[in-house]
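Reader: I would like a close look at one part of this structure, with the reasoning spelled out. Please pick a helix, and say what lies on either side of the argument for each step.

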Amino acid sequence: MTVLERARVQVGTEPDRASAMARVLCRMIERAFHHASQGAREKSQKTSSTCEHIWLISAGLTA
């Protein structure tokens with residue numbers, strides 16, 4: 001949530017606010033890693049890169 005707040009996503013629990021976004025992003029990442037852990041190490045590394053990219057875009061820190 002702090003990353004999103006620093007990126008000027010508004011504080012609050014509404015769907016477009018930092019708290020709600022952080023909660024959903026974390027759940028998505030947990031699920032992605034759960035599935036990736038079932039496969040090869042390369043799959044986990046790619047999942048990690050994808051999750052990092054999603055967080056950065058969601059926080060408005062990259063295009």
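Author: A residue counts as buried when its relative accessible area is under 20%, as exposed when it is over 50%, and as partly exposed in between. By that scale Arg-8, with a relative accessible area of 76%, is exposed. Keep in mind that the model is predicted.

The part to look at is helix α3, which covers residues 41-58. Start with its length. At 1.5 Å a residue, the 18 residues of α3 should span 26 Å, and the end C-alpha atoms are 26 Å apart, so the expected span and the model agree.

Next, which residues of α3 are buried? They are Thr-47, Cys-51 and Trp-55. Seen down the axis of α3, the buried residues fall within an arc of 70°, so they line one face of the helix. The general rule behind this is that an α-helix has 3.6 residues a turn, so residues three or four places apart point the same way.

That face has partners. The buried residues of α3 pack against α1 (2-6) and α2 (18-36). Take α2 from its own side: α1 and α3 are among what covers its buried residues. Those buried residues are Ala-18, Ser-19, Ala-20, Ala-22, Leu-25, Ile-29 and Ala-36. The length check works here too: the 19 residues of α2 should span 27 Å at 1.5 Å a residue, and the end C-alpha atoms are 26 Å apart, which agrees.

The other partner can be followed through one residue, Leu-4, which is in helix α1. Its relative accessibility is 0%, so Leu-4 counts as buried. Leaving aside residues up to four places away in sequence, Leu-4 touches Val-9, Ala-18, Met-21, Ala-22, Leu-25, Trp-55, Ser-58 and Ala-59. Trp-55, one of the buried residues of α3, is thus in that list. Leu-4 and Ser-58 are 54 residues apart in sequence, yet their C-alpha atoms are 7.6 Å apart in space.

Between α1 and α2 there is a loop, and Arg-8 lies in it. The phi of Arg-8 is positive, near 70°, in a residue other than glycine. After α3 comes Gly-60, whose phi is also positive, near 70°.

Back in α3, consider a charged pair. Lys-46 and Glu-42 both lie in this helix, four residues apart, about one turn. Their side chains meet in a salt bridge, 3.2 Å from N to O. Lys-46 is exposed, because its relative accessible area is 53%. The count of salt bridges comes to two. Another salt bridge joins the side chains of Arg-17 and Asp-16, at 3.5 Å from N to O. Asp-16 is exposed at 52% relative accessibility, while Arg-17 is partly exposed at 25%.

One buried residue of α3 is a cysteine, Cys-51, and its relative accessibility is 8%. Where is its nearest cysteine sulfur? A disulfide needs two cysteine sulfur atoms within 2.5 Å. The sulfur of Cys-26 is 10 Å from the closest cysteine sulfur, in Cys-51, which is too far for a bond. Cys-51 is therefore in no disulfide, as the nearest cysteine sulfur, that of Cys-26, is 10 Å away. Cys-26 is partly exposed, at 38%. A search of the whole structure finds zero disulfides.

How values were computed:
Residues are numbered from 1 along each chain as its sequence is written. This is a predicted model: local features need pLDDT of at least 70, side-chain atom pairs count only at pLDDT 80 or more; totals for chains, interfaces and linings use all residues. Side-chain values use heavy atoms; hydrogens and water are left out. Helices (H or I, at least four residues) and strands (E, at least two) are DSSP runs, numbered from the N terminus. The expected span of a helix is 1.5 Å times one less than its number of residues. Buried means under 20% relative accessible area, exposed over 50%, partly exposed in between (1.4 Å probe, protein chains only). The arc is that of the directions from the helix axis to the C-beta atoms. Contact means heavy atoms within 4.5 Å. A salt bridge is a side-chain nitrogen of Lys or Arg within 4 Å of a carboxyl oxygen of Asp or Glu.
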